[in-house]
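Work through the following exercises with the sequence and the model side by side. Each one sets a task and is followed by a solution in steps.

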Amino acid sequence: MAGLRAKQKADKTRRILDSAATLFREQGYDSARIEDIAEMAEVSVGTLYNYYQNKGDILVATVAMEVMEVLEGGARIVASPPLNVAEALQTLIEQYYDHSLVYLSKEMWRTAMAISIQQPETPLSRRYTELDGQLCAQVVRLVETLQARGVVHAGVDARAMGEVFFNNLNMMFIEFCKVDAMSIEELKARVEAQHAPIAALISSVKIV
């Protein structure tokens, strides 16, 4: 019985988040109403409020759903990365970027970022920061894996270098969200060009 209840709860949660993502995209975050989200998800408004207190909660939960799927895909890359620093980094980063607009639009990302900055002590902001931390840790693990396999110089501080790569890819993603005209392909190309010289410096395998 407990397993059935958990499954039903997970199903309702997914319906709410999918419905919210659809309406946030179609109507804009500010215009979308809780009542319409509940109707599309086929739950009562009261049930929705049992899961989420407000639209901000729903938005950050949607971000979390996005990021958890990204992390799952990233884990497979980290477990068996290309044995070339630049290629491995770009493979992981492209997996992040290609999935970034599956549930969220640029407007929704901007709103989530603003909430996390404007309300830093709230559970919403802490959750957003926690997700960023998990992504950063995964980039660090990639560099550590490459170092363990002899692709990155042994003397390189893998944690510091992973954090540098993450901070840049994250900053560039913020820039991407700010500029409506920037495409995913342009974002990926710019980040690849920025990371290439650093990857070459730390690589123990020189590409001729």
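**Exercise 1: The overall fold**

Among contacts in the protein chain (heavy atoms within 4.5 Å) between residues at least 6 apart in sequence, 71% join residues at least 24 apart. The model is a predicted one, in which local features need pLDDT of at least 70 and side-chain atom pairs count only at pLDDT 80 or more, while totals for chains, interfaces and linings use all residues. Residues are numbered from 1 along each chain as its sequence is written, and side-chain values use heavy atoms, with hydrogens and water left out.

Task: establish how many helices and strands the protein chain has, and what share of its residues is buried.

Solution. Begin with the elements, which are DSSP runs numbered from the N terminus (helices: H or I, at least four residues; strands: E, at least two). The protein chain has nine helices and zero strands, and from the N terminus on its elements read α-α-α-α-α-α-α-α-α. Next take the extent: along the principal axes, the C-alpha atoms fill a box of roughly 60 × 45 × 30 Å. Finally, apply the accessibility classes, in which buried means under 20% relative accessible area, exposed over 50% and partly exposed in between (1.4 Å probe, protein chains only); by this rule 47% of the 208 residues count as buried.

**Exercise 2: The nonpolar core**

Task: find which residues touch the most other members of the largest nonpolar core, and which helix gives the most to this core.

Solution. A nonpolar core is a set of buried Ala, Val, Leu, Ile, Met, Phe, Trp, Tyr and Cys residues joined through side-chain atoms within 4.5 Å. The largest such core has 68 residues, of which Phe24, Ile58, Tyr97 and Leu187 touch the most other members. At least two residues each come from helix 1 (2-27), helix 2 (34-41), helix 4 (55-79), helix 5, helix 6, helix 7 (123-148), helix 8 and helix 9 (184-202). Helix 4 gives the most, with 12 residues.

**Exercise 3: A helix pair**

Task: describe how helix 5 and helix 8 pack, giving the angle, the distance between their axes and the residues in contact.

Solution. First the geometry: helix 5 (residues 85-99) and helix 8 (residues 158-178) pack at about 35 degrees with their axes 12 Å apart, where axes are lines fitted to C-alpha atoms, for helices over the stretch in contact, and angles run from 0 to 180 degrees between N-to-C directions. Then the residues: Leu89, Ile93, Tyr96 and Tyr97 of helix 5 meet Phe165, Leu169, Met172 and Phe173 of helix 8. By class, this contact has eight nonpolar, no polar and no charged residues, with Ala, Val, Leu, Ile, Met, Phe, Trp, Tyr, Cys and Pro counted as nonpolar, Asp, Glu, Lys and Arg as charged, and the others, Gly among them, as polar.

**Exercise 4: Helix 6 and one of its residues**

Task: compare the span of helix 6 with the expected one, and then decide whether Glu107 is buried, exposed or partly exposed.

Solution. Helix 6 (residues 106-118) has 13 residues and reaches 18 Å from its first C-alpha to its last, close to the 18 Å expected, the expected span being 1.5 Å times one less than the number of residues. Its buried residues are Lys106, Met108, Trp109, Thr111, Ala112, Met113, Ile115 and Ser116. Glu107, also in helix 6, is partly exposed because its relative accessible area is 29%. Residues up to four places away in sequence aside, Glu107 touches Phe24, Gly28 and Tyr29.

**Exercise 5: Two buried residues and an exposed one**

Task: for Ile37, Val152 and Glu42, give the location and explain the accessibility class of each.

Solution. Ile37 lies in helix 2 and is buried because its relative accessible area is 0%; not counting residues up to four places away in sequence, Ile37 touches Ile16, Ser19, Ala20, Leu23, Phe24, Leu48 and Ile58. Val152 is in the loop between helix 7 and helix 8, and its 3% relative accessibility is why Val152 counts as buried. Although Val152 and Val85 are 67 residues apart in sequence, their C-alpha atoms are 7.2 Å apart in space, and Val85 is among the contacts of Val152. Glu42 lies in the loop between helix 2 and helix 3 (45-51) and counts as exposed because its relative accessibility is 66%. The backbone of Glu42 has a positive phi of about 60 degrees, although Glu42 is not a glycine.
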